[in-house]
Amino acid sequence: MTPEPGLDFKSMPKIELHAHLTGSISRQCLHEIWEVKKAAGETDLEDPLIVMPPGRHDYDLKTFFPLFSSYIYNLINDASSLSHSTKSVVRDFAQDGVVYLELRTTPRAMASAGLDKAGYVEAVLRALEEAQEEAPTLHARLILSIDRRNTPDEAREAVALAKQLRGRGVVGVDLCGDPTKGDVASFTPAVEEAKAAGLKLTIHFAEAEASASEAELRTILGWMPERLGHVIHVPEPVKREIAARAGIGLELCLSCNVHAKMIVGSFEAHHFGEWWRVDGPIVVPCTDDVGVFGSPVSNEWRLIQEHFSLRREEMLELARKGIDVIFEGDDEKARLRRIMW
């Protein structure tokens with residue numbers, strides 16, 4: 001029997017739907033920004049390559065969120081560093097063979113730089129536009145995130161920005177952040193406003209045991225999100241409900257879940273092995289935070305082949321299915337169907 005030809009996962013055209021902007025910044029890019037700021041006397045922060053040593057990827061939920069709040073947000077704190085890092089992220093995804101990218105970010109004010117939340121989002125959108133001129137094969141869109149620590153008013157503010165800027169490349173709204181914080185029911189009015197405006201919805205779902213109560217999961221499913229992220233600590237009745245929702249997207253992030261010890265066991269124990277065979281939901285392998293966990297989306301596909309033994313055509317079919325759950329419209333879906341293997 002002739003062996004099946006292997007896939008070049010880097011060259012393979014890919015979709016990335018669950019990538020946090022700040023978490024996707026490479027350590028080298030953070031180091032470059034730090035060097036400029038250090039030379040200008042603009043930062044007292046330690047070198048990112050010391051704070052986040054190359055090769056270290058074992059950040060769990062207790063160490064992950066403080067990495068951003070106490071360090072990265074204090075380094076990426078003005079329009080210049082925001083633009084530079086955003087362009088670097090797009091460039092890295094393009095070099096990894098990504099042809100459609102949905103980045104997500106929580107609107108945040110940079111008071112010392114004179115940027116309010118709207119100014120922050122507009123700066124990100126400008127950087128995305130400029131980056132795509134350098135990487136024309138990649139089309140990038142933006143999802144605005146509500147943080148679980150936000151107040152209901154802050155959630156509505158994020159939705160208002162998404163509505164205001166949807167013609168500039170904002171395609172949806174996300175709910176993310178520390179899973180031990182917040183009551184998701186308080187965001188229902190903001191979510192309903194987003195849905196009424198035609199914005200698409202993706203939600204971090206059962207990411208940790210703390211965010212996997214049946215009340216929370218049923219509240220989220222009641223919002224009728226187009227996609228769910230992580231989908232880890234899901235009770236069987238809720239699994240059955242998800243399985244019955246034809247066309248719902250599941251953003252599964254293998255390396256993040258394994259390195260952060262969000263699942264029990266290693267890659268072979270990941271729930272990708274359960275969900276990819278289920279009719280109805282559409283599984284999309286994603287990176288989450290490649291700058292932290294060090295696994296580009298090409299490597300996520302390699303891990304899937306290595307640990308779950310999908311055949312070549314099964315891999316390509318799974319990749320193409322992801323087109324159906326992007327948040328862009330029919331023209332972009334048609335482009336992707338032309339270029340994806």
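Me: In this predicted model, does Leu-138 count as buried or exposed?
Reply: The model is predicted. Buried means under 20% relative accessible area. Leu-138 sits at 0% relative accessibility, so Leu-138 counts as buried.

Me: Where is the place of Leu-138?
Reply: Leu-138 is not assigned here to a strand or helix by name, but to a connecting stretch: a loop. That loop runs between α5 and β3. The place asked for is the loop between α5 and β3.

Me: Which residues is Leu-138 in contact with, leaving aside its neighbours within four places in sequence?
Reply: The C-alpha atoms of Leu-138 and Gln-95 are separated by 9.6 Å, though the two are 43 residues apart along the chain. The contacts of Leu-138 are with Val-90, Phe-93, Ala-94, Val-98, Val-99, Leu-101 and Gln-132.

Me: What is the order of the strands in the open sheet?
Reply: The sheet has eight strands, and their pairing is parallel. The twist from one strand to the next averages 25°. The order is β1-β2-β3-β4-β5-β6-β7-β8.

Me: Which strands stand at the edges of the sheet?
Reply: An edge strand here has a single partner strand, so one side of it is left without a neighbour in the sheet. Two strands fit that description. They are β1 and β8.

Me: Why is β1 described as largely enclosed by the rest of the structure?
Reply: Buried means under 20% relative accessible area. β1 covers residues 14-20. The strand is largely enclosed because its buried residues number seven of the seven.

Me: What is the bridge partner of Glu-16 in β2?
Reply: β1 and β2 pair in the parallel sense. Five bridges join them. In β2, Glu-16 is partnered by Leu-101.

Me: Which residue shares a side-chain polar contact of 3.2 Å with Arg-104?
Reply: Arg-104 belongs to strand β2, residues 98-105. Its relative accessible area is 1%, so Arg-104 is buried. Among the residues it touches are His-18, His-20, His-204, Arg-227 and Glu-251. The side-chain partner at 3.2 Å is Asp-174.

Me: What is the bridge partner of Ile-143 in β4?
Reply: Strand β3 spans residues 139-147 and strand β4 spans residues 170-176. The two pair in the parallel sense over six bridges. In β4, Ile-143 is matched with Gly-172.

Me: Which strands does helix α13 touch as it packs on the sheet?
Reply: Helix α13 covers residues 297-308. Its direction makes about 110° with that of β1. The strands touched are β1, β2 and β8.

Me: Which residues of strand β8 are buried on its two sides?
Reply: In a regular strand the side chains alternate between the two faces of the sheet. Strand β8 runs over residues 282-285, and both of its faces are covered. On one side are Ile-282 and Val-284; on the other, Val-283 and Pro-285.

Me: What is the bridge partner of Gly-249 in β8?
Reply: Strand β7 covers residues 249-252. β7 and β8 pair in the parallel sense over four bridges. In β8, the partner of Gly-249 is Ile-282.

Me: How does α5 lie relative to α6: parallel, perpendicular or oblique?
Reply: The axes of α5, residues 117-134, and α6, residues 152-165, come within 11 Å. They cross at roughly 40°, which makes α5 oblique to α6.

Me: Which residues of α1 and α3 make the contact between these helices?
Reply: The axes of α1 (residues 27-39) and α3 (residues 61-75) come within 10 Å and cross at roughly 65°. That angle makes α1 roughly perpendicular to α3. From α1 come Leu-30, Ile-33, Trp-34 and Lys-37; from α3 come Tyr-71, Ile-72 and Leu-75.

Me: Which residues is His-31 in contact with, leaving aside its neighbours within four places in sequence?
Reply: His-31 lies in helix α1. With a relative accessible area of 12%, His-31 is buried. Its contacts are Asp-47, Pro-48 and Leu-49.

Conventions. Residues numbered from 1 in each chain as written. Predicted model: local features only at pLDDT ≥ 70, side-chain atom pairs only at ≥ 80, totals over all residues. Heavy atoms only, no water. Buried < 20%, exposed > 50% of the residue type's maximum accessible area, 1.4 Å probe, protein only. Pairing = 2+ DSSP bridges. Polar contact = N/O pair within 3.5 Å; in protein donor to acceptor, adjacent residues only side chain to side chain. Contact = heavy atoms within 4.5 Å. Axes fitted to C-alpha atoms, helices over the stretch in contact; angles between N-to-C directions. Parallel < 35°, antiparallel > 145°, perpendicular 65-115°, else oblique.
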